[in-house]
Structures are given as C-alpha cells and as structure tokens.
Amino acid sequence: MLPLSGNSSPAEHHPKKFKASELFDKKNSFNSLLQQFHHQQSRLWLLLVILCLQILLLFTIRFLPLPLPPALSSSTNRIHRFPAVAVSPAVNDGDNCKNGRIFVYDLPTLFNRDILENCDNLNPWSSSCSAMANGGFGQRADSLAGIIPENLLPSWYWTDQFVTEIVFHNRIMKHKCRVSEPGSATAFYIPFYAGLAVGKFLWTNSTAEERDQHCRMILKWLSDQKYYKRSNGWDHFITMGRITWDFRRSKDKDWGSACIYLPGMRNITRLLIERNPWDYFDVGVPYPTGFHPRGHDDISAWQDFVRTRRRTHLFCFAGATRAAFRNDFRAVLLDQCRNSAAEKCRVVDCAGSRCSNGTSAILETFLFSDFCLQPRGDSFTRRSIFDCMVAGSIPVFFWRRTAYYQYEWFLPGEPESYSVFIDRNAVKNGTASIEAILEKFSREEVREMRERVIESIPNFIYGTGGVRDAFDVAIEGVLRRFKEQEEWEYKWK
C-alpha cells in the first residue's frame with residue numbers, strides 16, 4: 001500500500017519505478033480491500049432491509065385481517081366461501097357439545113317481546129299478528145288439503161319470509177348446548193329482533209334516526225356487558241331476519257338501517273336470509289318455507305311424496321314482472337315460459353301480492369314440474385328457491401349469488417349436482433333457449449338431481465325441534481367458526 005504519511009526524504013517524493021510483479025501485488029491488495037468494504041456494506045444493507053420488512057409485517061398483521069386460515073379470511077376483495085355441510089340424515093349426538101356452549105342474553109323486552117306484542121304495527125298495510133303466530137310459523141295451511149298427504153297437513157303453515165328471528169329465538173332457548181351461566185359459554189346469542197324492529201320504518205316517511213334507534217340502543221346495552229367487552233363481539237352472534245342490504249345504509253337519505261355499519265356491530269356474526277358475500281361476518285341462512293316437520297317421520301313421508309310425484313311439466317316459473325327494473329329479466333322468463341312448445345312450462349303470475357308467503361297454486365306448480373326457474377328477486381335471492389326445492393323441483397339459476405355464494409352450509413357443495421346454471425345474457429339476446437337446454441337432460445340425470453335436492457331438504461327447512469334442520473346446521477356452523485377463531489387466535493380489536 002502507498003504510505004499516507006511518514007518521515008520520508010525529499011528524494012522519496014519522486015516517482016519510483018516498480019517492477020510489474022510489485023504493481024500487480026499492490027493492485028490485488030487494494031482490490032481486496034474494496035471487496036471487503038463492499039461486502040460489509042452489502043451485509044449492512046441486507047440487515048436493514050430484513051429489519052424493515054419485519055417491522056412492516058408486524059404492522060400489517062396488527063392492522064389488516066390477513067387470510068390466514070381459509071375459513072377465516074376477511075379480505076374485502078374476495079368472496080368468503082364457507083365449507084359446505086355434508087347432506088346426511090338427521091343425527092342426534094346426545095349431549096355432546098364439543099364445539100362449545102351458548103349463553104342467551106336476557107334482553108330488556110323492548111328488543112324482542114315488546115316488538116311482537118306490537119304486531120299490529122309492524123308493517124304499514126295490515127296487521128302482522130297472524131304471521132307471528134305459532135312461534136313465527138304463522139297460520140296453519142289447512143287449504144292445502146287435497147294437495148299434500150293428509151297426515152302431513154299439520155306440518156304445513158303459511159309462513160312469512162321475515163320470521164327467522166322468532167324461529168331462532170324459540171329454538172335456541174331449548175338447545176342442548178345452552179347454558180345458564182355466561183362463564184361456561186363459548187358463544188353468546190343476542191335475541192334482538194332487528195328485522196322486525198326496522199321493518200315498520202322501511203315503507204314510511206321515516207327518519208334515519210327512527211330506523212337506527214333500536215340498533216343503537218342494543219349496541220349501547222351490549223357495550224356495558226362484561227363478556228361482550230372481553231371479546232369485542234367476536235364470540236357473539238345474532239339473527240337478523242331480513243336481507244343484509246336492509247341494514248347497510250350509507251347515507252341518511254338511502255334505504256334501510258345503518259345497523260351493520262354502527263360501532264360495535266363489526267365483529268358480531270350475523271345470520272341473514274341474504275348475506276354480503278364479501279363480509280366474513282355475514283352468514284346466509286335459508287328463507288323459511290311453509291314446511292315445519294314435527295320429526296323424522298314427517299321428513300321421510302314428505303321425501304317419499306315428492307320423490308314419487310308424477311311431474312307433467314318440464315319447467316315452471318312463479319313470479320311477476322318488475323316494471324321499475326329496466327330490461328326486466330323476469331319478463332323475458334315469462335315470455336319464454338308462455339311460448340314453450342306443448343305447454344311444457346307452467347306459470348304462476350304473482351302480480352301484486354298474490355304470492356305473498358306462498359299459495360297452494362305455487363306449491364302445486366312446483367310439485368308438477370321437473371325444473372323451476374329462479375331469477376334474482378328484488379335482491380339477489382328470493383324465498384322461492386326453497387319453496388321450489390322443498391317440493392322436489394330442481395332449481396335453475398341465472399345469477400351465482402342467488403344461491404351458490406349464499407347458503408354453502410345448507411346446500412350440496414357441487415352446484416351441478418342439484419341445480420342448473422344458465423347464462424342470463426344468452427337468454428336475453430336470444431342465443432339460448434331455456435326449454436332446449438333443459439330438454440337435453442336425460443331422465444336419469446333429472447332423477448339424480450332431484451334425489452340430491454330431496455336429500456338436502458332437512459338441511460334447509462325449519463322444524464319444530466324433533467329433527468336436525470337448518471337451525472341446527474346454522475348453530476353448528478357458528479360454534480365451529482368460533483372454535484376455529486380461538487384455535488387460530490385470529491382476531492382484531
């Protein structure tokens with residue numbers, strides 16, 4: 001190396017001739033020093049990068065809900081898919097509560113009982129008291145005599161589509177895994193009738209404050225509860241007996257309540273008849289049908305009845321056009337149905353309120369048809385899906401969100417095994433004929449699909465407690481979900 005300082009003589013300041021070998025050795029020494037310097041510098045930068053990535057990762061995990069286990073994904077950019085529950089005969093596992101136990105809050109009566117007692121004022125057109133009778137099942141469907149077997153008539157009611165809050169409350173009070181001490185519970189049920197509370201305000205000139213008042217009050221009440229504060233709502237669940245969009249008002253002038261968006265509701269699991277597929281805490285549960293079996297015998301008898309039906313029509317459609325909808329797809333379906341060859345399609349025109357809560361004409365139509373057309377309703381789902389399937393008819397869908405992204409706990413995991421999907425755009429532009437598509441299925445294929453529908457009936461109907469049904473599937477799913485959340489320790493504040 002060249003000297004940086006020293007006591008050299010003036011003569012030594014003059015250039016000196018070096019041998020080639022000396023020069024080569026000195027170059028090697030200098031390059032070696034540079035390499036060591038760059039190597040140390042690279043290691044320092046690498047350590048700094050790793051440290052920054054670790055800090056970034058910690059902050060990301062803390063503040064963003066990463067998709068750790070697939071079942072607990074909460075990303076807003078993907079549809080939350082729930083594992084399908086295997087369809088099997090109802091089973092009783094005795095007193096086994098392996099997935100946890102439930103505590104039911106004893107709420108102030110203004111959140112449930114008082115709402116029911118005010119049934120004359122739950123909607124602006126007429127009294128809802130008859131619909132709330134018999135534990136939410138409604139009036140007995142005696143007019144179905146002659147259409148269904150006489151021994152099954154006591155299991156049929158005219159059931160309103162918005163009564164799941166009452167049905168779940170009645171059933172959960174008698175659930176085998178309900179406990180009276182909150183300290184031994186792993187799940188907490190909130191029996192607040194959110195849908196019935198807001199329903200009376202949806203069709204009147206109400207204010208945002210009126211539509212939100214009950215929800216604000218229940219969340220204030222919950223915020224004072226020890227076990228809610230402990231988990232910040234992660235182990236709490238509620239039935240909200242309407243579609244999710246009735247509780248997702250963004251602006252005061254818009255439709256519905258803002259309940260789901262209010263502080264305190266974020267982490268509560270919500271059972272709704274239509275969910276938002278991009279919200280992990282929304283769980284879609286089936287619309288109620290009119291069939292409420294008393295036990296296994298009713299289920300078996302009904303399955304045998306719909307299995308052996310002689311079906312005279314290829315397909316059917318029960319519904320009405322929507323004048324307010326531009327390019328109304330229902331009108332297209334009605335036209336295709338009415339123009340079918342040899343009357344292969346059977347129609348029930350539900351203009352007005354003629355099909356409200358089901359009619360004998362609707363049930364007869366489904367019982368006589370191999371397939372039933374199921375477009376979206378006023379929202380993506382409609383009760384008719386389950387009225388059709390309980391009659392052993394095979395649903396034909398035109399939107400995947402009508403069923404496939406809604407009721408995964410309750411319907412078979414392979415959509416093609418129990419239903420038909422047709423591209424609605426092809427139907428609209430005339431390149432697809434519904435009749436031609438359905439006629440391509442062989443009798444054996446139709447029989448297999450119908451059998452899959454019939455096997456699924458216990459999973460999507462609400463009984464009286466004598467058979468494993470949609471209520472049991474929903475509660476099992478919620479308890480399993482809460483158990484998985486604890487095992488993965490996956491929660492945000």
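User: Hi! Starting with one lysine: what is the relative accessible area of K344?

Analyst: Hello! K344 has a relative accessible area of 26%, so it counts as partly exposed. Keep in mind that this is a predicted model.

User: Got it. Which residue forms a salt bridge with K344?

Analyst: That would be E435. The closest N and O atoms of the pair are 3.8 Å apart. E435 sits in helix α13, while K344 belongs to the loop between α9 (329–338) and β10 (345–349), so the bridge ties together parts that are 91 residues apart in sequence.

User: And E435 itself, buried or exposed?

Analyst: Buried: its relative accessible area is 13%. So the bridge pairs a buried glutamate with a partly exposed lysine.

User: Staying on α13, where is I434 found, and what does it touch?

Analyst: I434 lies in that helix, which covers residues 434–439. Leaving out residues up to four places away in sequence, I434 touches F315, L333, Q336, L373, F398, I422 and V427. It counts as buried because its relative accessibility is 0%.

User: What about the separation between I434 and F315?

Analyst: Their C-alpha atoms are 9.1 Å apart, although 119 residues separate the two along the chain.

User: Which core includes I434?

Analyst: Let me take the largest nonpolar core before that one. The largest has 105 residues, and F237 and W302 touch the most other members. Helix α15 (residues 470–488) gives the largest share of this core, with eight residues. I434 is in a second, separate core of 24 residues, which also includes L373, F380 and V427. In soluble globular proteins, nonpolar side chains tend to be buried together.

User: Back to W302 for a second. Which residues is it in contact with?

Analyst: Setting aside neighbours within four places in sequence, the contacts of W302 are I148, P149, L152, W156, F291, V390, A391 and I457.

User: Nice. Switching to helix α5: how many of its residues are buried?

Analyst: Eight of the nine residues in α5 (residues 194–202) are buried, so this helix is mostly covered. The buried set is A194, G195, L196, A197, V198, G199, F201 and L202.

User: What do those buried residues pack against?

Analyst: Four helices and one strand are listed as partners: α2 (113–117), α3 (129–132), α4 (164–172), α6 (208–223) and β6 (236–243).

User: α4 has a histidine I'm curious about, H169. Which side chain does it join in a polar contact?

Analyst: The side chain of Y193, at 2.7 Å. Leaving aside neighbours within four places in sequence, H169 is also in contact with N112, Y189 and P191.

User: Why does H169 count as buried?

Analyst: Its relative accessibility is 14%, and buried means under 20%.

User: More salt bridges, please. How many are there in the whole structure?

Analyst: A search finds 25. Side chains of opposite charge can pair when their charged atoms come close. Among the bridges is R383 with D387, at 2.9 Å from N to O. R383 is buried at 8% relative accessible area, and D387 is buried too, at 12%.

User: What about R447?

Analyst: R447 forms a salt bridge with E444, with the closest N and O atoms 2.8 Å apart. Both residues are in helix α14 (residues 443–460), three residues apart, which is about one turn of the helix. R447 is partly exposed at 44%, and E444 is partly exposed at 41%.

User: Which residues are linked in a network of salt bridges?

Analyst: R248, R270, D279 and D282.

User: Last topic, the whole chain. How many helices and strands does it have, and how much of it counts as buried?

Analyst: The chain has 15 helices and 13 strands. Of its 493 residues, 49% count as buried. The exposed area is about 24900 Å², with carbon and sulfur atoms supplying 54% of it.

User: And what share of the contacts comes from residues 24 or more positions apart?

Analyst: Among contacts with a separation of 6 or more, such residues account for 74%.

User: Great, thanks!

How values were computed: Residues numbered from 1 in each chain as written. Predicted model: local features only at pLDDT ≥ 70, side-chain atom pairs only at ≥ 80, totals over all residues. Heavy atoms only, no water. Core = buried A, V, L, I, M, F, W, Y, C linked by side-chain atoms within 4.5 Å. Buried < 20%, exposed > 50% of the residue type's maximum accessible area, 1.4 Å probe, protein only. Helix = DSSP H or I, 4+ residues; strand = E, 2+ residues; numbered from the N terminus. Contact = heavy atoms within 4.5 Å. Salt bridge = Lys/Arg side-chain N within 4 Å of Asp/Glu carboxyl O. Areas by Shrake-Rupley, 256 points an atom, 1.4 Å probe, with all protein chains shown as cover. Polar contact = N/O pair within 3.5 Å; in protein donor to acceptor, adjacent residues only side chain to side chain.
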